[in-house]
Structures are given as C-alpha cells and as structure tokens.
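Hi everyone, thanks for coming. I'd like to walk you through one protein chain today, going from the overall build down to a few side chains. Let me put it up on the screen.

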Amino acid sequence: MDYKIIDAHAHLWLKQDTVWNGMRVKSLENGRSLFLGEERQMVPPFMIDGKNSAEVFLSNMNYAQVSAAVITQEYIDGHQNDYLEEVQTRYPDRFFCCGMCEYFDEDVVGQAKELQKRGFKAIKIPANRLKTDAVTIALQDEKMMALFSWMEQEGMLLSIDLDDDSHQIAQMNEILQQHPNLKTAVGHFGMATFPTFMEQVRLAHHKNVMIESGGITWLYNSEFYPFHGAVKAIRQAADEVGIDKLMWGSDYPRTITAITYRMSYDFVQKATLLSEEEKAKFLGLNAERFYGFKNLVELPYVKNMSE
C-alpha cells in the first residue's frame, strides 16, 4: 500500500459502569456486559476482564496495519474523558480522542471549554442517545446552539451520531447552514440500512462535513463478510457526495465480536466497485487530511502461523 490506514471511529474504556435511560450498562466477565436489561457479548471473549484498553487496541492495530485511530465516545459506555486524556497524552501519534460533555446538564459550553483545556480537539455528541423516556434534547436547543457557535469559533471538531429518523437530520442541516465552518464527522455511515440513509449522506454537501463508516459492519451483520451491501452503500454515497467526503471507521471493539479487526476494512480493499484511488482515500487519506494526523507510523505485514 502507498497509503496508511486510519480508523475514524473506535472506542476505548477501562470499564463500563453507567446508566442510560434508567437502565444499567456494566461490564461482567468473559467480554460480556449487562446492557440495557440483557446480557450481551460486548467485546470478544478473550477480553476476560472487560477492559477495552489502548494497549490491546494497539496490538490489533499493529497486526492489521492500521496506523492511527479516532477514539469517539458513547453514552452506553459512560464518560471516558479521564482515560482518553491519558491515552492521547501517551500515544499522540496513534490516537485522536474526542471529549464528551454531559448534554443533559445546562452548562455544556463550560464543560467543552474544560475539555479543550485538557487537550481535546474534538467533541463527541451521541445525538441518537439524547432522547430518553424522561427528556429529549433537541440539537437546536439554546445550550446546544451555543456549543456549536463556540466550537466553530475555536476550531473544535464535532463528531456526531444521528438518530435514524429525519428530525435530527433536518436540525443538522439548519445548524450547518448557520455554522458553515464547523468541521463535522457524521458517524455510523448515515445509518445505511435505514430509509433516511441518503438524507444523512447529503449532509456532506456542506463544505466541512464528512461521513465516517463506524458501525457499517454492524449494520450489515445479517449478510456478513464480505459485506456486499456495505460496499454498495459506500459506492452510492460516493456517487452522491464524492469519495473525498467519506472515511472508514470500524466501531471497534463491539464489531469484532463477529469478525476480526482486519476484516472490518479488508472487504473494502477487495471490493470491485471501488477504484484503488478511491480505496486509498476512503481507508486513510481523507481521515489524515480531515483530522490533521502527522507522523503516521508505517507498519510491516507479519505473516500468520497459518500461512
């Protein structure tokens, strides 16, 4: 390869112990978690202590020849700001970490300012989790609009996962019209298996918006590897907004309960619907430009024992 691979959507935590919408998420044994009322295989079973650490991820990245990763956050994992601050300090050339505010509180801008002081250059909003049985926070709420205004002014990057309906998409369109210089990465590849897929993709017609594919193998899990439907979705999105607007993301570690980490991108390398230039942009070059990665490590291929 004459390019380096970058994962634009992954997660890290030392433990899961949180509550969302009144339901518990807590690490158990053998990679399982209590998840919103049921036991689920949250991470691969060899992660017996439930720790999804930077070091384990780096081992996976090195094996799969992934030079760097963007670490995002999710309410179902609990706030990981303290751990991610440590991670990005220890491994600045390998990880770009997003801080996360508590959006159910009022002083969101104050929280974001503190995260900036701690070294975070991006803020994550899991917007698909802003609706609970008790309250719904609109993206155009006064405190959220103040946050977007401050982020645009400060050059802070926005990483956001939208719900699978049209309501939040329409809100984001208006927000991006008001804040055209807000650099934004939309996650989960626009929820590609849902009817609003192309509505989300079209957000990338705004000049500073990218679409990243974190979770695409989860969305197409029913068809499994080599994910022909996912490749078609990438092709469809590229035809609409251009390949320069798309980035690969794995949604590690949850997605590798079903497949290996390398499999989460090599189905793209083997796809015939994309040119080699398009693959290079999607798998690394676009993310390198968008997130400003420098000093990317070059990783050699190491043979498996089965080869």
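So, the overall build: the protein chain has 10 helices and 13 strands. Its radius of gyration is 18 Å, close to the 19 Å that the globule rule gives for 307 residues, so the chain is as compact as a globular protein of that length. Please keep in mind that this is a predicted model. If you want a feel for the dimensions, the C-alpha atoms fill a box of roughly 55 × 45 × 35 Å along the principal axes.

How much of the chain is buried? Of the 307 residues, 57% count as buried. On the outside, the chain exposes about 13400 Å², and carbon and sulfur atoms supply 49% of that area. As for how the chain meets itself, take the contacts between residues at least 6 apart in sequence: 74% of them join residues at least 24 apart.

Now for the aromatics, which are my favourite part. How many aromatic pairs does a search of the whole structure find? There are 16 of them. One is F290 with Y291: the ring centres are 5.1 Å apart and the planes stand at 90°, and because an angle over 60 degrees counts as edge-to-face, that is what we call this pair. Both partners are tucked away from solvent by our cut-off of under 20%. F290 counts as buried because its relative accessibility is 7%, and Y291 is buried with a relative accessible area of 7%.

There is also an aromatic cluster to look at. F57, Y91, F95, W248, Y252, Y261 and Y265 form it together. If you have the structure open, try selecting those seven side chains.

Next, arginines over rings. R262 lies over the face of Y63, at 5.4 Å from the ring centre. R129 does the like with W20, lying over the ring face at 5.1 Å from the centre.

Let's stay with R129 for a moment. Where in the chain is R129? You'll find R129 in the loop between β9 (122-126) and α4 (142-154). Is R129 buried or exposed? R129 counts as buried, because its relative accessibility is 15% and the limit is under 20%. Leaving aside neighbours within four places in sequence, R129 is in contact with W20, E74, Y75, I76 and F104. So W20 turns up twice for R129: as the ring beneath the arginine and in the contact list.

That's my tour. Thanks for listening, and I'm happy to take questions.

Methods
Residues numbered from 1 in each chain as written. Predicted model: local features only at pLDDT ≥ 70, side-chain atom pairs only at ≥ 80, totals over all residues. Heavy atoms only, no water. Phe/Tyr/Trp six-rings, centres within 6.5 Å; stacked < 30°, edge-to-face > 60°. Buried < 20%, exposed > 50% of the residue type's maximum accessible area, 1.4 Å probe, protein only. Lys NZ or Arg CZ within 6 Å of the ring centre and 35° of its normal. Helix = DSSP H or I, 4+ residues; strand = E, 2+ residues; numbered from the N terminus. Rg over C-alpha atoms; globule rule 2.2 N^0.38 Å. Contact = heavy atoms within 4.5 Å. Areas by Shrake-Rupley, 256 points an atom, 1.4 Å probe, with all protein chains shown as cover.
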